[in-house]
Amino acid sequence: MASDQESNRQRLKQLLGKPGNGNCADCGAANPEWASYTLGVFVCLSCSGLHRNIAQISKVKSVLLDPWSSTELEFMDSVGNNAAKAKYEQIVPAFYYRPTHKDCTLLREQWIRAKYERKEFLCVERQEPYSAGYREGFLWKRGRDKGQYLSRKFILSEREGVLKYFIKHDAREPKTIMKINTLNATFQPTKIGTANGLQITYLKDNSTRNIFVYQEDGKEMVDWFNAIRAARFHYMQVAFPGASTSELLPKLTRNFVKEGYMEKTGPKHTEGFKKRWFTLDDRRLMYFKDPLDAYARGEVFIGSSENSYTTLPGLPPNIQGYHWQFGITIVTPDRKFLLVCETEEDQKDWIAALQTVINRPMLPQEYAVQAYFKHKP
């Protein structure tokens, strides 16, 4: 019996070597060590836990630790990751967000449920909640001043090109109108403090505004997220008629390059350093008093090296008033911005993140944004 188990284990390892099986079937993580023996896919440890939430469909085992029968092995051999993807991902809309191992649990769980439980990608009608071009519903929205969450009616309309919300459920006029062309959405469970927390940003007078929302139903939140991506995709197809789908997809929604606390001083470098929450969103470096503030206290445009932007470790001599020790000097054509990090690791991470943006050549439309920042009052 022991030798049977050993030969079965060896055969499982061989199956992991087949094309497609060397990465998790759901999030793409390398070297999966778990498998769903009812679906025939190899998955990572993290996704195996999410498969347990749909136990009526998917039953998982460890490839290395659990006993396997010959029948189970035959089934794994007959399916495998590539065949399962061909079956369960037949018609995934181009705009639909396919999570990776770096994404939050909510996105990964709803992707797994959409594929195997709801079979959304076998039938276009099941994609109605996010592909219809119109969506309305109620979300808990964080109040700007007191910070409590209140139920607000939201409407996303592709035809109008807007996402709007209403203070009262029967209100005729919306409280805020957000244009789809500047809209972004990113899941922020840790920052917001709820697993389903979504941060929505938009531009108002070319300044960033934040709203923070959540819904108890995870599917609802992911449907909202993908509905925003769909609206952005269709807007961009019209706005950039020559662009390919692969060029448009990275622009639908974006995660922030980096976030965290640093200390900053003012333009004259003589006032004391203050601790602020910083967010690097593409070429905008913003700072907030609190991570959940509705708008930034300030925004800095980060251009490219060919336009005289750079970052340097440390601060100029004779600078005083900071508590943390690990300085960063951001050099722009107009002035230097002085920041301080708590740890050397933070300093290195921020410099690397800023340098990634600086090393990227500026697009024609980014010069217009830069010009706006130069003339900002």
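Mentor: A cavity is a set of grid points where a 1.4 Å probe fits but cannot get out. Please keep in mind that the model above is predicted.

Trainee: About how much space lies in the largest cavity?

Mentor: Rolling a probe the size of a water molecule over the atoms shows where empty space is left. With a threshold of 30 Å³ or more, the count comes to one cavity. The space in the largest cavity is about 40 Å³.

Trainee: Which element gives the most residues to the lining of the largest cavity?

Mentor: Among the lining residues are Pro129, Tyr130, Tyr134, Arg135, Ala227, Ala230 and Ala231. The elements that give two or more residues to this lining are helix H6 (128-131), strand S4 (134-142) and helix H8 (218-239). With three residues, the element that gives the most is H8.

Trainee: How many residues of that lining are nonpolar?

Mentor: The lining includes Leu156 and Ala132, and also Glu158 and Gly133. Sorted by class, two residues of the lining are charged and one is polar, while the number of nonpolar residues is eight.

Trainee: Are helices H5 and H8 roughly parallel or roughly perpendicular to each other?

Mentor: The axes of helix H5 (residues 105-117) and H8 come within 10 Å and cross at roughly 95 degrees. Angles of 65 to 115 degrees count as roughly perpendicular. The crossing angle falls under that rule, and therefore H5 and H8 are, relative to each other, roughly perpendicular.

Trainee: Which residues of H5 meet H8?

Mentor: The residues of this contact divide into five nonpolar, two polar and one charged. On the side of H8, the contact is made by Gly218, Lys219, Met221, Val222 and Phe225, and in H5 the residues that meet them are Leu106, Leu107 and Gln110.

Trainee: How far apart are the end C-alpha atoms of residues 9-129?

Mentor: The UniProt annotation, from an unreviewed entry, that covers residues 9-129 is "domain: Arf-GAP". This span is 40% helix and 7% strand, and its end C-alpha atoms are apart by 43 Å.

Trainee: At which residues does UniProt place the feature "domain: PH"?

Mentor: Over residues 132-233 the chain is 20% helix and 45% strand, whereas over residues 255-359 the chain is 14% helix and 38% strand. The unreviewed UniProt entry places the feature "domain: PH" at residues 132-233 and 255-359.

Trainee: In the loop between which strands does Asn206 lie?

Mentor: Asn206 has a positive phi of about 60 degrees, although this residue is not a glycine. Its loop lies between strand S9 (198-204) and strand S10 (207-214).

Methods: Residues numbered from 1 in each chain as written. Predicted model: local features only at pLDDT ≥ 70, side-chain atom pairs only at ≥ 80, totals over all residues. Heavy atoms only, no water. UniProt positions renumbered as here; feature names shortened; annotations may be inferred. Helix = DSSP H or I, 4+ residues; strand = E, 2+ residues; numbered from the N terminus. 1 Å grid on protein atoms, 1.4 Å probe; cavity = no way out; pocket = protein on both sides within 12 Å on 5 of 7 lines; lining within 4 Å. Points joined across faces, edges and corners; volume = space filled by probe spheres on them. Nonpolar A, V, L, I, M, F, W, Y, C, P; charged D, E, K, R; others polar. Axes fitted to C-alpha atoms, helices over the stretch in contact; angles between N-to-C directions. Parallel < 35°, antiparallel > 145°, perpendicular 65-115°, else oblique. Contact = heavy atoms within 4.5 Å.
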